[in-house]
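Biologist: Please take a close look at one part of this model, the largest nonpolar core. Walk me through what builds the core and what surrounds it.

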Amino acid sequence: MGSKVLVLNQDYQAISICTAERAFVLVYLNKAELVCDRKSKMMRSIGANYPYPSIIRLNRYITLPYKKVALSRQNIFKRDGYKCVYCGSRKKLTIDHVIPRSKGGRDSWHNLATACQRCNTEKGDRTPEEAEMAMSHKPFRPSFIMYLRDFNGKVSDDWKPYLLMN
């Protein structure tokens, strides 16, 4: 098992991803309905076969606070595609403060970027402009939908309409 299942709120808004086992339990307990199943797989018990969930929708609307992606080292690497924003290398990656701490730079989505050790050392205690190093993209805060869509590996074709990918 171990497959990922997209969980939708009652209004069909994507709210999370869970395991197939958890999704099956929610459907079985009538807390959710099966929106889409994987045709190539079945869940089997001793006495019955069940559709293998791909997307489920909760039967009750869940009010959620604004969902935001946590600022973490791993999420910065994911956002930047595990590549240095200066040279594109994938070796010996570190986190770079675009505006150095010594110049008032803080730990934020807009000031942290993935850099290889060589570029981070070369940039040193300077801004990219001072070091004359161009960035492939400016750091940004990813949205929760973007996080679900882009950072969780391969997205099933069934999920794309719910993750605004059409």
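Modeller: A residue counts as buried when its relative accessible area is under 20%. Cys18 has 14% relative accessibility, so Cys18 is buried. Bear in mind that this is a predicted model.

Cys18 belongs to the largest nonpolar core, which has 12 residues. Among the others are Val5, Val7, Ile15, Ala23, Leu26, Met43 and Ile56. Two or more core residues come from each of strand E1 (4-8), strand E2 (14-19), helix H1 (20-28), strand E3 (32-44) and strand E4 (49-58).

The four strands make an open sheet, ordered E2-E1-E4-E3, with mixed pairing. E2 and E3 are the edge strands, each pairing on one side only. On average, neighbouring strands are turned by 35 degrees against each other, direction ignored. E1 and E2 run antiparallel and share five bridges. Within that pair, Val7 sits opposite Ser16 in E2. Helix H1 packs on the sheet and touches E1, E2, E3 and E4. The direction of H1 makes about 85 degrees with that of E4.

Ile56 shows how these pieces meet. Leaving aside residues up to four places away in sequence, Ile56 touches Val5, Leu6, Val7 and Leu8. Its contacts also include Ala23, Leu26 and Val27, then Ala32, Glu33, Leu34 and Val35.

Back to Cys18. Its sulfur lies 14 Å from the closest cysteine sulfur, that of Cys36, so the two are too far apart for a bond. The disulfide count is zero. Cys116 is in no disulfide either: the nearest cysteine sulfur, in Cys119, is 3.5 Å away. Cys116 is buried, at a relative accessible area of 3%.

Methods:
Residues numbered from 1 in each chain as written. Predicted model: local features only at pLDDT ≥ 70, side-chain atom pairs only at ≥ 80, totals over all residues. Heavy atoms only, no water. Core = buried A, V, L, I, M, F, W, Y, C linked by side-chain atoms within 4.5 Å. Buried < 20%, exposed > 50% of the residue type's maximum accessible area, 1.4 Å probe, protein only. Contact = heavy atoms within 4.5 Å. Disulfide = S-S within 2.5 Å. Pairing = 2+ DSSP bridges. Axes fitted to C-alpha atoms, helices over the stretch in contact; angles between N-to-C directions.
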